[in-house]
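Here's a quick look at one protein chain, from its overall dimensions down to a single helix. Have the viewer open as you read.

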Amino acid sequence: MFGSKSCTFLHSIRYIRKYTSLSWKISQQTVRYYCKMAKSSETSTNIVKSLNDKREYRLICLDNGLRALLISDLDGEDQNIADDDSGKESDSENESMASDASDDEMNVDEVSDEEEEIDDDESEKKSAAALCIGVGSFSDPDDIPGFAHFLEHMVFMGSKKYPKENEFDDYLSKHGGHTNAWTDHERTCFYFEVEREYFRKSLDKFAQFFVAPLLLQDSVDREIQAVDSEFQERIPSDTDRLNQILVATAKQDHPMAKFLMGNLQSLKIDPEKQGIDVYGRLRNFFDRNYTAQYMTLAVHSKHNLDSLESMVRESFSDVHNNNEEPLTFSSYLDPFKTSEFKKIYKVVPVEKTHKLYITWPLPPLQKCYRTKPLDYISNLLNHEGKGSIYSHLKKKMWAVELLGGNTGEGYDMNTTWTGFDVCVTLTDEGLKHWQEVVKVIFVYLDLLKKEGPQDWFYTELKQIEETKFRWKEKGDPTGYVEKLADNMQLYPPEDYLTGHKLLFTYDEQIIKDCMNYLAVDNCNIMLTSTCFTENDCPLKEKWFGTSYSVEDITSNMIDNWLDIQPCDELFLPKPNSYIATDFTLKEVPKEDLSSVPQIVSSSSSHKLFYKKDTKFNVPKGFINLNLKSHIVREDLKSATLLDLLIAILNQNISEPTYPAIVAGYRIGCHINMNQTGMIIELSGFNHKIQDVLQLVFDVIINFECSNELFTAMKSELKKTYHNDIMKPSTASRQLRWMVTERSYWSHAEKYNMVDQLTIEDLSDFISRYLSQVLTESLVVGNFTKQEAIDINDSVLSRLQAQTNVNENDLKNNLIEIPRQKMYCQIRSFNPGDTMSCIHNYYQCQPGSIVKCCLNDVLVTRMTEPCFDTLRTKQQLGYSVGCVNHLTCGIIAIGITVEYPANKFSMQYVDEQIEKFLNQMNDILKNITEEEFKTMIESEITLRKTEDTLLEEEAVRYWGEVVNETYIFDRLQKEIEILKTLKLKSLKKWFQEHYFGENQRKISFQVVGKTDQEIVQSSDETDHQVKLLIDPDQSHILPIEDIQSFKALCQHLPSHKVTS
């Protein structure tokens, strides 16, 4: 996917995230205390790692120039046992081989291993690898925009040694793994994870994409369609739309001015008109750019270093080296030194919002990573405490969010420039005063320049990051190798692990120089608002079709913004009192230790679950509270009032708690998944976490809301509802809940309720809610049992609930879908969206642990062929998925396809999904006992895969509490059940519930507009849920009225999967 370092387009986010995680390297004195060196056997390089990191590292360089970082995660286990690779990588997998493979290539046997008996009690660890290439979309040919992104797609379409298309995905899917890739401006990265037993063969399959990819002409049109489907999905993204407008202001001969994502127009239509042979250019582009000396590889597995080195050398030594110097772009400086950049752009957004962006161009700053001057500046601009820009704007009711900084990704941090943004989400009133908002920002910047860089503030940030690094847990191995392979392109070896994390050098002059670039006469201003119309914004951006206008930054504006008058409400933050300093690991009596959470306090109004961490041994904690009440489920009005309450609380909490957030604490306040109340979540070092909890409850108990804040937050809540349902996938999901759940109110319904709410309604709701609340709490981490009880008691004493809650009033349940096929269709709420979404929901029955395990095995086996059939082969759309539903205890399967409305009809896509289920039936019929055994082993291994963070353990336990199931050893129970499952049971399960006439199916359909139907103005959005009758689907029963349909259906009992 283009520019996506996870599932989202991270590197080009103009809507900049808050950066409380800084990126610097530590001093040698600090290294001696916080870190230790991981010695490389290849060189004298010492890789700095955390004292908490027990893994071993080795850096090697192959003869072809490829650099590889090997990470052995044995964690003190016997190396001989850990490296007796499993015979599960056997010929029974029927892996296809190239018939013309040469004798000197490794064959399947060479990457298979001898039998190994796995200890049933042994925890498992996933293995992962990532390969990063120092070439990205900057290298696109000028006449084929998006070419590098297209090659990223083509590479995975089979290799000479493993020619079967989709073979790698299929292999990983069968063994608990997955793969993905992204293309950035100057780098491209591929990565995967898999069960450890299958890592050796997976690594070889992965390597062959870079040794000898097929790049078959038969795959070209399909993969161009895949790139185009990805582009079509991104058309509603305001992030991408704004980016493309901004890059159009760059020098036209500069790589920043390119359209880097690619689509059907740039990869097929335009080249064909110009007589360009796209396929003919593909192999040359690969040979020139996918070369070993540009590549960095990171591998992470429960193997010893010698075994990992052997695997890497065997599989990657044949990657070619073309002996070419890499293409560099460092001579293309000052891309935005143009008259077009320094202007005001007014843009019609897709989302309902008002946002102000100020962007400054700076010289390339990657080499300043040891100082990270922009992170220092952004931490001051982002601050939400007293004296901050945001605090000042919030008091005036002009803003509800301020984010600023640099993402550190390719869009705004490359060898040609560095970007720095400030984005302010404006209220309706703030939009009227946007020029004054700009002035406030420049007044604060002037304050920073006059006060000068503050050593003490830098030292605080340095201390925070060093502490987090000292107690860093392992985390997800896939994300880890992905980041390290990328880091290996950017930092010297000793800083591979720390270059993006730790402070090293306080450099006052560099910080001053960067501040000086943030000037009135050196910026671009973008203002987006749904108040703008096409008449206001008559220009059209070429690729996304975004409506915008261009205005000069007038001399009067500049004079006003330069007329700096001191403002008493703007000042630097005070020293942070929430920085943890006590990292003592608590000792508790043996009787207080347990393998899973235990109830340590309970009454008719509360339950407290507690578990002392004995695995990760870090001075951290998690405090989660679920405040449930039947009050919030009374009606649509109550449900909407809860959302409004939470929105206002998050505004009120931000200022007093922001220093704690900077210090590394995470604070969440949101509605629970059952929509029965509010969840409060806190995590961080346990030293100051109770103080943070008290801050949060000070705001809740002493709730305040002015008329001005109430009015502003009602408006913002409406925008949130609107923006949510504008996404077809969200709209289809909410439509499913509206139809299948006894009690559910959609965002469309809530949108129409907001204007009816009064501040008196809110006051009455809060009083009733907090006096009739059932509290369920979980305390996990570095706490004693008594501390957990004291924490809970302090919360209960402040809530002082007066009325017991009947838990039966909190239960929800589903309707039973008739045994037939139906559809429920609506128009997309986004009148300009060309994407449609279909979610076929196949209901099963009330679940048990056994039935849930059967469904898990089935969905796992369905996932890869579903993707391969509907996306890779049929190219229905970019987003295709098969999911396992468990709602109110009722099992179901869902298959989702998002696709361009002008390419396929809803009937056609629904038919293709049904054909896939027929195909799945054939697949199940042909599964052998050996294949079924492998599937079961994979499911068992998945459940035995150990948590890599205390957070993962806490989240899993918290899910049991929120779902009111409390089966904290569910994974162990599932493992024992999986061992007993039979192949015939799986086949029967599919036949009886998901196939043919046995289906209980509703196809939830959100129809997008064809190009001819598009209405650009978002003002025409209708927030009513209006069901449609589709004449193309006359053979299927439509749902014409939701309430009438539900009244005719039986209601399934509320159910908990506890046995």
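## Surface

How much accessible surface does the protein chain have, and what share of it belongs to carbon and sulfur atoms? For this predicted model, the accessible surface comes to about 39,600 Å², and carbon and sulfur atoms account for 47% of that.

As for burial, 62% of the 1059 residues in the protein chain are buried.

## Overall shape and fold

Let's check the dimensions. A compact globule of 1059 residues would have a radius of gyration near 31 Å, and the protein chain comes in at 29 Å, so the two agree. Lined up along the principal axes, the C-alpha atoms fill a box of roughly 80 × 70 × 70 Å.

Inside that box, the protein chain has 32 helices and 28 strands. Take the contacts between residues at least 6 apart in sequence: 84% of them join residues at least 24 apart.

## Charges

The protein chain carries 116 positive and 165 negative charges. Average the positions of each set, and the two means sit 3 Å apart.

## A look at helix α22

Helix α22 covers residues 728-740. At 1.5 Å a residue, its 13 residues should span 18 Å, and the end C-alpha atoms are 18 Å apart, so the helix agrees with expectation.

Is α22 mostly covered or mostly uncovered? It's mostly covered, with 10 of its 13 residues buried. Among them are Pro 728, Thr 730, Ala 731 and Ser 732 at the start of the list, then Gln 734, Leu 735 and Arg 736. Met 738, Val 739 and Thr 740 are buried too.

Definitions and conventions: Residues are numbered from 1 along each chain as its sequence is written. This is a predicted model: local features need pLDDT of at least 70, side-chain atom pairs count only at pLDDT 80 or more; totals for chains, interfaces and linings use all residues. Side-chain values use heavy atoms; hydrogens and water are left out. Helices (H or I, at least four residues) and strands (E, at least two) are DSSP runs, numbered from the N terminus. The expected span of a helix is 1.5 Å times one less than its number of residues. Buried means under 20% relative accessible area, exposed over 50%, partly exposed in between (1.4 Å probe, protein chains only). The radius of gyration is taken over C-alpha atoms; the globule rule is 2.2 Å times the number of residues to the power 0.38. Contact means heavy atoms within 4.5 Å. Accessible areas come from the Shrake-Rupley method with a 1.4 Å probe; for residues, only the protein chains shown count as cover. Lys and Arg count as positive and Asp and Glu as negative; His and the chain ends are not counted. The place of a charge is taken as NZ of Lys, CZ of Arg, CG of Asp or CD of Glu.
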